[in-house]
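Biologist: Please take one part of this model, the largest pocket, and go through it closely. I would like its volume, its lining and where that lining comes from.

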2 protein chains.
Amino acid sequence: LSLKSLVKFSNKTSYVNRGLDLESDINITNKFYLDTNKAVIYKKPTPISVIKVDYKSKKSGLIKEAYFETPSTTDYNGIYKGKYIDFEAKETRSKTSFSLSNIHSHQIKHMEIVKSHGALTFLIIRFTTLRETYFFSIRDLMDFIKSSKLKSIPIDVIREKGILIKDRFNPRVDYLEVVDSFYFGGKK
Amino acid sequence: LSLKSLVKFSNKTSYVNRGLDLESDINITNKFYLDTNKAVIYKKPTPISVIKVDYKSKKSGLIKEAYFETPSTTDYNGIYKGKYIDFEAKETRSKTSFSLSNIHSHQIKHMEIVKSHGALTFLIIRFTTLRETYFFSIRDLMDFIKSSKLKSIPIDVIREKGILIKDRFNPRVDYLEVVDSFYFGGKK
């Protein structure tokens, strides 16, 4: 076995074993970007509506009743190469398409608005069963919504219009490499 | 009474009556900026660590046990004039100084890092009793921390180094006007 195939093998093994979801992979990737001073990007906390708090409990407040809220923006934002970056990441078990029901309409609206203000904004879509993760631009998303009546984006469209994000050991989901080629390298 | 003094009077009255805190004022201001397409800036949700969820309840998940977490970044971020903007807003009842204990050390660290990446980053500090709200730059914050052993920034320092944000009807806390003069107008 060559070193290259060993690395490949070990990557694959660790992928199988770790069983991490897209969110965890992106969080680890963002940590890597922060540690290497490449970018400062965080996942926003999940919005939660707090109803009852027990202030008598030991440490700070213990929340006794609360509800998950629908997010009004995307999950991730931050700064990269001096630019505001803002994206949503979703995974699907489907092998054939990505359902648009995965993204709220106000999230799409939000991405359109920040794009008009000069943001780098896009989707990261993972087909978990196929182990394929794609960068999909907001422009292509809008084009699809406007030109198609389908409620799902067929994987062929995503493979053609999107850009495959390589699966690596570290960073795990190196989406900034694709951002570089899409926004800064003039490719695509 | 002239129209001008009427407006002034009504502003003052509404200020007294509304009893809104700084967070609410900034949220309303951000809504105004969004509606007028000036900027896209949101408050991040409060980070909450969820322990127990009752999935049997009617609407989505009812959270039965959760805790407030310490935020690792600032509360507000977004995009303005194509730039990444990132700030923290705090209010104090003190009439004499702003205690540095109001800001976590990792929040200061975060602001230093995003600044080095080209972000517009600063503090908004309100003295509620005095009804004075200031823009205070991260540079001045760092200078103070490095040069002083005080655990609080005296109000005189904030009045001298900071910039007063005028209290208005709409937008209520027009901090972008100050951001304009500080970052884009070359003032200060």
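Modeller: The pocket comes before some context on chain A. The model is predicted, so local features need pLDDT of at least 70 and side-chain atom pairs pLDDT 80 or more, while totals for chains, interfaces and linings use all residues. Residues are numbered from 1 along each chain as its sequence is written, chains are lettered from A and ligands numbered from 1 in the order written, and side-chain values use heavy atoms, without hydrogens and water.

The largest pocket has a volume of about 560 Å³. A pocket here is an open set of points on a 1 Å grid over the protein atoms alone where a 1.4 Å probe fits, with protein on both sides within 12 Å along at least five of seven lines; lining residues have an atom within 4 Å of a point. The volume is the space filled by probe spheres set on the points, which are joined across faces, edges and corners.

Its lining holds 23 residues, and nearest the centre lie Ser72(A), Tyr42(B), Lys43(B), Lys44(B) and Pro45(B). The elements giving two or more residues to this lining are helix H2 (22-35) and strand S1 (39-43) of chain B. H2(B) supplies the largest share, 5 residues. Helices (H or I, at least four residues) and strands (E, at least two) are DSSP runs numbered from the N terminus. By class, the lining has 9 nonpolar, 7 polar and 7 charged residues; Ala, Val, Leu, Ile, Met, Phe, Trp, Tyr, Cys and Pro count as nonpolar, Asp, Glu, Lys and Arg as charged, and the others as polar.

As context, chain A has 6 helices and 10 strands.
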